[in-house]
Structure formats: structure tokens, C-alpha cells
Amino acid sequence: MNGSTSAVIRVDGLTVDFKRNGGWANVLNDVSFEIGRGETLGLVGESGSGKTTTAYALFGYRRPGSRIASGRIVVGGHDVLTLSERKLRRVRGGEVSLVPQNPAGSLTPSMRVGAQVVEALEAHGVAAGAKAARRALEAFADVGLPDPPAVARRYPHELSGGQQQRVVIAMALVCAPQLLVLDEPTTALDVTTQARILRLLARVRAEHEMSMLYVTHNLGVVSQICSRVAVMYAGEIVEIATTEELFRSPRHPYTRGLIAAVPRLASPLQKEEALQGLLRRDELPPGCRFAPRCRHARAECFDRHQTPEPAGANHDVACWLWREIATEKRELVGSARS
Ligand SMILES: Nc1ncnc2c1ncn2[C@@H]1O[C@H](COP(=O)(O)OP(=O)(O)OP(=O)(O)O)[C@@H](O)[C@H]1O
Ligand code: SF4
Ligand SMILES: [Mg+2]
């Protein structure tokens, strides 16, 4: 972890379980990270790895059928897991804002979208009346919605998925939160709109020193917007580093596999690490959860649980063989050259 004292978010040992077959199944295990002021942490990992569960927990949301078994979450000085529901409601949408994976679900179907943004501004004391209405139109223009006054008069179902997504992003940004959490925010958007949103996020972040958690499958987006990246596998953070360091020297075999899957980002050697198989929650060993898919795995890996350890400045990795794997790669390069 980067250990900064000015962290806006500090998550410590977060462990979440879901009800399954009459018992509890673990979905997040001992997840810890920090996000500093003005910093964007990317959270990547394949489907089912626990990204949305982590994002929701920052708001004190428990998904149906789940429990937070242990851990602490401090956001902007609030100990989230001990706040009353009333205090949490005040914090949500004001100091901390969420752009969820399914934007349509976070809009009120029976209310015009302009009025919804005005309501958010008024509820958090940012602006009221005509000033709030003007701010709503500016916010719609900022996210590239054509004809903001016409959009403001529409109900959610009268907008396309991409337009709804932009309305939700506008609503999340309009109160200039200290922390913005975005869960796959640009998936329904075309490439041009996605680029526009990324530029807008970078601008707002700089203007307000806003901190962001950016959940995505897209490593290209991570390389554009994130200062650091946490890689999640089967409910655990297996690697966390600055973006530059992660792409230059990925240490965990899973991270290497993720990067290998993006030809533009992978070096020729990294391409050899292509991931095999799928994340199977029902087949996780007690030790390293990645072992069944890891081509470097040894017998001990299946029983030996891994916690992140330093692998460089601002770089932690949860693989006890990371040094050997890195050396093996260097030797391969050396023999290929000789
Ligand atoms: N309500 C629920 N009940 C039981 N299990 C759940 C529930 N919601 C999520 N899960 C399980 O928790 C795990 C993590 O899910 P989560 O949605 O956090 O993953 P994710 O990384 O966001 O995936 P995606 O990339 O598909 O959005 C998955 O194995 C999923 O099956
Ligand atoms: S601990 Fe072993 S199985 Fe896990 S990633 Fe490292 S080498 Fe692979
Ligand atoms: Mg998700």
C-alpha cells in the first residue's frame, strides 16, 4: 500500500461473504487499498472477481444476501461501516458519488432527468431553483448530450442506454464529490463519447482534486485515466502498483495474462503469458486462488495462501514466486538474443 496519510479512502482487510447453499461463500477476502486526494485507482479483473462488490461497499451498500464479515472502510473521514443509514444517505451523492454498472437502474423512471439532476443539487445544498436548472443543463452539455434542454425534459425510458449512462455521469459529477466511484462507466458508449467522458473526468478531477475508483475490464482506459491500478482475482487484490510500473513490470502471473490479452500493451514476452481457462469460484484452492490456472504453479502454491508483499516502490504483489518468474523471463530474453 502506498501508506499516504492524506488518503481520502482507506479500505482495510475487507472481507465479504454471500449466502450460498445454506452457508456462506467468500466473495472478497482481506481487500486493502488506499486512494489519495486527486488520485485515480483503477480496479481491474475478470467477471466475477469482486469489483462491483468492492465498489458498493465503499458506500456502505451490502448487496442482497451478503454480509461484511470483517474490515474497515474510511471514506473522507467517515467510518462507513459504522455510520447510521441516515448519515450514509447524506454522504452518498454529495461527498461520494457512484456511477453504477447499470445506469438505468439508478434513475427514477417517473421523473424527468433534468429534474433529477436539480433534485440532487438541491438535496446536497450545491444550488437551487433557476441556478440549479442552469447547472443541470451545463452538466448535460459537459457529457456531450446533444440539445441539453430537450434531454432535460425527457423521462429515462425516452433515452438510449448511452444517453442514460451520460445522464448518470452528469448527475454524479454535478456535486463535485470528493470521491467518485465509476463501475464500467463507458461500456454503452461509442469510442468518441468514451474519449470525451475520459477528458471530462480528468478535467473535473484536476479542478476539484477529486479522487476516483475506476472499475473496468479495459486496460487501455486504465492506461489513460488511472494513476495506480489494483488487479483483482477471485475476490483478492493480487497486485497493486502505479500504472506505469504495472504495465512496464507486471509481477503476478494473472496480471501478466491480462496484459498479454491486449496486443497493443503487451511486449512480445508478455504475450506468451496468455490466460487459459476461466475463473471458477467453486474450484478455488485454500492457498493461492490463481494456482489452478497458473503455469508457474508448484505444489506448495495450492496450500500456501498469498498476501501482497512489496515488489518495488509503490508496488505490491501476492505471489511468492514473483522474483523467480521475473528472472526466468530475463534469462529467456538473454538466451533469445545470444
Ligand atoms: N447477490 C448475490 N448473491 C450471490 N452471489 C453474488 C451476488 N452478487 C454477486 N455475487 C457473486 O459475487 C462474485 C463477485 O461479483 P461482482 O459482481 O462483485 O464481480 P465483478 O468483478 O463486478 O464482475 P463483472 O465484471 O461481471 O461486473 C461473483 O462470483 C458473483 O457470482
Ligand atoms: S503463488 Fe504460485 S500459483 Fe500463485 S500466482 Fe504465484 S506462482 Fe502462480
Ligand atoms: Mg461488476
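In this predicted model, a polar side-chain atom of Arg-63 sits 2.9 Å from an oxygen atom of ligand 1. The protein covers 73% of the 640 Å² of accessible area that ligand 1 has on its own. A magnesium ion, ligand 3, takes protein donors from Thr-52 and Gln-101.

**Polar contacts of ligand 1**
- Pro-64 contributes through its backbone: an N or O atom there lies 3.2 Å from a nitrogen atom of ligand 1.
- His-217 contributes through its side chain, with an N or O atom 3.4 Å from an oxygen atom of ligand 1.

**Shell around ligand 1**
- The shell holds 15 residues, and Ser-47, Lys-51, Thr-52, Thr-53 and Gln-101 come nearest.
- By class, three residues of the shell are nonpolar, eight are polar and four are charged.
- Helix 1, residues 51-57, supplies the largest share of the shell, with three residues.

**Magnesium site**
- The donor atoms are OG1 of Thr-52 and OE1 of Gln-101, at 2.0 to 2.4 Å from the magnesium ion.
- Thr-52 belongs to helix 1, while Gln-101 lies in the loop between strand 6 (96-99) and helix 3 (113-123), so the two donors tie together parts that are 49 residues apart in sequence.

**Exposure of the two donor residues**
- Thr-52 has 13% relative accessibility, so Thr-52 counts as buried; the cut-off for buried is under 20%.
- Gln-101 has 41% relative accessibility and therefore counts as partly exposed; exposed would need over 50%.

Methods: Residues numbered from 1 in each chain as written. Chains lettered and ligands numbered in written order. Predicted model: local features only at pLDDT ≥ 70, side-chain atom pairs only at ≥ 80, totals over all residues. Heavy atoms only, no water. Near = heavy atom within 4 Å. Polar contact = N/O pair within 3.5 Å; in protein donor to acceptor, adjacent residues only side chain to side chain. Areas by Shrake-Rupley, 256 points an atom, 1.4 Å probe, with all protein chains shown as cover. Helix = DSSP H or I, 4+ residues; strand = E, 2+ residues; numbered from the N terminus. Nonpolar A, V, L, I, M, F, W, Y, C, P; charged D, E, K, R; others polar. Donors = N, O, S within 2.8 Å, 3.2 Å for Na, K, Ca; no water. Buried < 20%, exposed > 50% of the residue type's maximum accessible area, 1.4 Å probe, protein only.
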